[in-house]
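Colleague: Please bring up the model. I have a few questions about it.

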Amino acid sequence: MSDCIFCKIVKGELPSTKYYEDDRVIAFADIDPKAPVHILLAPKQHIPTMHDVKDFTIVADIHKAAQIVAEEQGIANGYRLINNCGADAGQIVFHLHYHLMGGEKLTSF
Ligand code: AMP
Ligand code: ZN
């Protein structure tokens, strides 16, 4: 989608700090980190929300990439992988993404 900021990051039209990339998934630093490690994982394909996923293999690909990035970041002992699905859940960017967060003791909720 031409006006989607994460599609622009995928295409290299917006700058990002990349941590992982394969043919289907990209991981890059959140611009406003809420934890010492706060990395976003997204499909390269534009899918607005988790609720729009039809081919669930992309979810497996993202989870696999999250494992790799968590290992590389040294947070494999504990991290969160969070998806905000829809406006009422706090989703702001409508290109599917998961927040990989860790690097500190995360509070329970
Ligand atoms: P969400 O509320 O789940 O839609 O989260 C969107 C996230 O995208 C927020 O944590 C933002 O800080 C982050 N974000 C917005 N613009 C950018 C950008 N250009 N590069 C990296 N992260 C971004
Ligand atoms: Zn997009």
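Modeller: Here it is; keep in mind that this is a predicted model. Start with Phe 6, which is buried at a relative accessible area of 6%.

Colleague: How many aromatic pairs does the structure hold?
Modeller: Ring centres must lie within 6.5 Å to pair. The rings of Phe 6 and Phe 28 have centres 5.1 Å apart. The count for the structure is 1 aromatic pair.

Colleague: Is the pair of Phe 6 and Phe 28 stacked or edge-to-face?
Modeller: Planes over 60 degrees apart count as edge-to-face. The two planes here stand at 80°, so the pair is edge-to-face.

Colleague: Which parts does that pair tie together?
Modeller: The two residues are 22 apart in sequence. Phe 28, buried at 2% relative accessibility, lies in strand β2 (residues 25-29). Phe 6 lies in the other part, helix α1.

Colleague: Which residues coordinate the zinc ion (ligand 2)?
Modeller: The donors follow the spacing C-x2-C-x38-H-x48-H along the chain. They sit at 2.0 to 2.3 Å from the zinc ion. The residues are Cys 4 (SG), Cys 7 (SG), His 46 (ND1) and His 95 (ND1).

Colleague: What is the arrangement of the 4 donor atoms?
Modeller: Four donors count as tetrahedral if all angles lie between 85 and 135 degrees. The angles around the zinc ion (ligand 2) are 105 to 116°, so the arrangement is tetrahedral.

Colleague: Is Cys 7 buried or exposed?
Modeller: Buried means under 20% relative accessible area. Cys 7 has 6%, so Cys 7 counts as buried.

Colleague: And what is the relative accessible area of His 46?
Modeller: Partly exposed covers the range between under 20% and over 50%. His 46 is partly exposed, and its value is 21%.

Methods
Residues numbered from 1 in each chain as written. Chains lettered and ligands numbered in written order. Predicted model: local features only at pLDDT ≥ 70, side-chain atom pairs only at ≥ 80, totals over all residues. Heavy atoms only, no water. Donors = N, O, S within 2.8 Å, 3.2 Å for Na, K, Ca; no water. Tetrahedral: all angles 85-135°; square planar, octahedral: opposite > 155°, others 65-115°. Buried < 20%, exposed > 50% of the residue type's maximum accessible area, 1.4 Å probe, protein only. Phe/Tyr/Trp six-rings, centres within 6.5 Å; stacked < 30°, edge-to-face > 60°. Helix = DSSP H or I, 4+ residues; strand = E, 2+ residues; numbered from the N terminus.
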